[in-house]
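Student: Got a minute to go through this one with me? I'd like to start with strand pairing.
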Amino acid sequence: MGVGSFFTSKLDEAIGWARKYSIFQYPFVTACCGMEYMATACSHYDVDRFGAGLPRFSPRQADVLFVVGTISHKMAPVLKRIYDQMTEPKWVVAFGVCTCTGGFYDNYATVQGIDTIIPVDVYIPGCPPRPESVLDGLMKLQDKIAVGAQRY
Amino acid sequence: MDGGAILETLRARFGAALTDTHAQHGDHTAVVDRGAIVDVLKFCRDDAHLGFDMLSDLTAVDYLKYPGREDGPRFEVVYHLYSVPHNHRVRLKVRVDEDDPVVPTAVPVWPIANWLEREVWDMFGIRFDGHPDPRRLLMYEEFVGHALRKDYPINRRQPLIGPRT
Amino acid sequence: MAETTRREIMLGEGAGTGASQDIKLGMGPAHPAMHGIIRIVADLDGETIRKADVEIGYLHRAFEKDCEVGGWNNAIPYTDRLNYVSPLINNFAYASAVEKLLGIDVTERCKYIRTIMSEISRVCDHLTCVGASSMELGAFTVFLYMIKAREFLWELVEDVTGARLTISYGRVGGVKADLPEGFEAKVRKAFKETREVLAEVHRLLTGNRIFMDRMVGVGALSREETIAYGITGPLLRAVGVAYDVRTAAPHWAYDRVEFEVVTQKDGDNYARYLVRMAEMEQSMRIAEEALARMPVGPINVDFEGRPIDPAAYVDQGKQGKTEGLLLLPIRLSPNLEGQNKREYDQVNTGDKRVVLPPKETTYGSIEGLMNHFMLIMEGYGIRPPAGEAYFAAEGANGELGFYVVSDGGDRPYRVRCRPPCLPPMAALHRMIEGEMVADLIPTFGSVNMIGGELDR
């Protein structure tokens with residue numbers, strides 16, 4: 001330990017701080033959770049105060065992939081492709097219980113949890129999760145971003 | 001027009017092609033022969049008194065596990081018709097066997113039948129003779145089997161498909 | 001074959017020869033128009049769409065198959081997620097279809113409650129539709145205002161049902177619980193705020209030159225084609241056909257309230273927008289009138305006798321100490337914790353084959369317990385007679401029909417949902433042929449495709 005590593009760790013912290021308050025999300029919205037996503041993003045439960053208010057509708061410009069709503073087997077390859085198109089550093093939030101474990105759709109058409117396809121950082125359960133849960137999940141994600149924890 | 005009168009009109013015109021009619025809970029139903037169904041649908045649409053200008057729904061039911069109908073024809077294709085000017089409804093059914101699941105297409109009569117018949121093909125495996133675009137509607141093309149059939153278990157997993165170009 | 005010029009090697013076949021090539025544009029399943037996931041593959045000639053192929057099914061969640069797995073009331077949560085912006089209408093339409101099969105009629109108060117909650121849901125749906133499609137045209141403020149208004153309505157829904165979005169409120173034979181106290185005042189307040197928002201949006205959008213330029217004359221469909229495609233709802237009313245299931249086949253309390261069926265003539269996106277805006281006002285009118293006319297006001301129970309904590313009451317019954325429990329007039333919370341028997345009877349039919357007995361009866365008497373048992377245990381439960389029924393309600397997008405087939409058992413044999421947004425999606429390629437690519441966005445927005453309903 002010396003002066004050099006003090007500066008780099010402070011730099012890491014600064015970068016982590018900057019990253020966590022400037023989240024560019026890619027909202028991969030499919031189903032009912034999208035309504036709660038809209039509610040979280042709008043004025044009542046404002047997600048803009050966390051710096052996450054600007055969704056980038058291109059995966060190449062985004063760093064957090066919000067997978068919102070049920071993913072069916074027909075949609076899964078598209079999700080994988082979107083995830084692959086994102087550049088590092090990237091995080092994935094599984095929003096809603098359908099993305100966490102498949103929800104109550106235990107059938108031939110639904111992927112039983114998107115972590116079977118892509119690595120997930122934060123799971124927000126709920127059907128659909130209340131905006132308060134979403135904000136809690138977002139704050140947990142911010143903690144992960146601040147320390148630079150990745151799951152590739 | 002009263003439901004009974006609708007069935008009377010159909011019976012008067014098509015006689016033998018209507019194998020069964022019944023009324024239950026206010027809904028009037030006629031079971032029609034497979035060969036005559038397109039003529040019946042055209043007549044329903046074009047006749048001034050019937051005036052069924054809207055095909056409300058086209059679906060199918062699998063009677064494999066229905067108590068009392070295990071040895072009859074397996075599928076029934078159900079047409080729900082609605083008339084906007086007269087505000088009456090009728091239900092037409094066509095019984096289809098498992099070994100020969102083909103029904104003449106209703107696409108020339110109403111264009112909405114295109115997608116509805118694609119869905120019946122996807123979910124039940126009933127083919128529509130003369131359909132311009134016989135693809136699956138809801139499942140992906142590589143899916144094996146027909147999902148809403150009674151012998152398809154609900155949580156059968158199939159291999160995941162990869163990204164398409 | 002002519003020899004390839006250098007220009008052609010660099011830029012591709014046909015470059016510099018004056019010939020043209022069609023572009024295939026894939027508006028893929030994941031696209032920013034936040035309505036849902038469908039895929040539109042359009043053949044373009046410059047900016048004009050020559051032919052479009054619409055592919056759906058990306059949200060197929062096996063609703064119809066899942067309904068066959070559990071009992072008749074088990075399907076209610078699945079119906080919530082059909083049209084997830086107006087879930088109450090789906091619940092009630094399914095419950096009404098099963099009630100038609102059973103041949104039972106719900107109580108008057110229940111009909112009024114269903115009407116009021118359906119209309120509140122309808123306003124939520126139209127707010128989301130107009131808000132989201134305006135956002136795609138660039139009017140982000142309108143989206144924020146409309147979602148704000150939707151929040152007020154969701155607070156109402158939460159008061160009644162306990163949840164904001166996926167409420168599972170309807171039951172076969174009635175609804176889950178009665179309206180809470182003070183609901184009417186809350187409704188008036190929420191509607192006042194909503195009306196202010198709508199007035200603001202009218203000022204922002206209805207005469208707006210940019211909005212009109214993008215919406216007028218775009219995405220129009222002729223009257224004959226609209227009917228031939230089986231399209232109902234606001235899109236049909238925008239071409240001038242006054243077909244509304246609420247007036248054509250009045251169900252619940254719609255024949256006892258007065259409202260207008262709004263129509264327009266042109267059938268383009270602007271007409272659909274006007275129809276939806278006017279329908280929101282009509283829905284609020286229906287809800288207010290129904291609230292004013294509802295039979296039997298809220299019960300104010302003065303209980304004599306020993307006041308006993310409701311949880312203790314239930315515990316005592318569970319332990320088997322049931323002497324005199326039925327005689328105790330207690331008041332359980334009307335919504336979430338239990339049901340005051342009197343209020344419960346007002347909103348659920350007395351039909352023992354269908355409706356669970358109130359908790360006081362279940363824990364307080366052996367007949368109630370047996371009734372509860374017979375309705376819950378597997379193999380027992382609601383058993384409609386063998387047959388089939390089709391019930392149509394006016395969903396936010398049009399005629400929402402449920403076709404249920406019963407084999408006499410305790411599980412549905414077949415539940416078919418007739419999705420009101422499938423016909424407009426089948427006709428979408430007709431609406432956008434000949435239009436420019438940018439016109440696809442407002443057209444798709446005005447169709448109000450809801451993925452849960454389309455793909456089921």
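Tutor: Sure. This is a predicted model. In chain C, strand 2 and strand 3 pair in the antiparallel sense, over seven bridges.

Student: Which residue of strand 3 of chain C stands opposite Asp43(C)?
Tutor: Lys51(C).

Student: And how many bridges join strand 1 of chain C to strand 2?
Tutor: Five. Strand 1 and strand 2 of chain C run antiparallel. Strand 2 covers residues 39-45.

Student: What does Met27(C) stand opposite?
Tutor: Ile40(C), in strand 2 of chain C.

Student: What's the strand order of that sheet in chain C, and is it open or closed?
Tutor: The order is 1-2-3, and the sheet is open. It has three strands with antiparallel pairing.

Student: Which are the edge strands?
Tutor: Strand 1 and strand 3 (48-55) of chain C. Each of those pairs on one side only.

Student: How much are neighbouring strands turned against each other?
Tutor: By 20° on average, with direction ignored.

Student: Back to strand 1 of chain C. Why does it lie largely in the open?
Tutor: Because the number of buried residues there is zero, out of five. The strand spans residues 23-27 of chain C.

Student: Switching to helices. At what angle do helix 5 and helix 19 of chain C pack?
Tutor: About 175°, with their axes 9 Å apart. Helix 5 is residues 108-137 and helix 19 is residues 437-447.

Student: So are they roughly parallel or roughly antiparallel?
Tutor: Helix 5 and helix 19 of chain C are roughly antiparallel, because an angle over 145 degrees counts as that.

Student: Which residues meet there?
Tutor: From helix 5 of chain C: Ala132(C), Ser133(C), Glu136(C) and Leu137(C). From helix 19 of chain C: Ile441(C), Pro442(C), Gly445(C) and Ser446(C).

Student: How do the residues of that contact divide?
Tutor: Four nonpolar, three polar and one charged, for helix 5 with helix 19 of chain C.

Student: New topic: chains A and C. How many residues are in contact?
Tutor: 27 residues of chain A, with 25 residues of chain C.

Student: Which elements of chain A give two or more residues to that side?
Tutor: Strand 1 (25-29), helix 2 (33-41) and helix 3 (76-85) of chain A.

Student: And where does the largest share come from?
Tutor: Helix 2 of chain A, with five residues.

Student: What about nonpolar versus polar and charged on the chain A side?
Tutor: The side of chain A that touches chain C has 17 nonpolar residues, eight polar and two charged.

Methods
Residues are numbered from 1 along each chain as its sequence is written. Chains are lettered from A and ligands numbered from 1 in the order in which they are written. This is a predicted model: local features need pLDDT of at least 70, side-chain atom pairs count only at pLDDT 80 or more; totals for chains, interfaces and linings use all residues. Two residues are in contact if their C-beta atoms, placed from the backbone, lie within 7 Å. Helices (H or I, at least four residues) and strands (E, at least two) are DSSP runs, numbered from the N terminus. Ala, Val, Leu, Ile, Met, Phe, Trp, Tyr, Cys and Pro count as nonpolar, Asp, Glu, Lys and Arg as charged, and the others, Gly among them, as polar. A residue is buried if 20 or more other C-beta atoms lie within 10 Å of its own, exposed if 12 or fewer, and partly exposed in between; C-beta atoms are placed from the backbone. Two strands pair if DSSP finds at least two bridges between them. Axes are lines fitted to C-alpha atoms, for helices over the stretch in contact, and angles run from 0 to 180 degrees between N-to-C directions. Angles under 35 degrees count as roughly parallel, over 145 as roughly antiparallel, 65 to 115 as roughly perpendicular and the rest as oblique.
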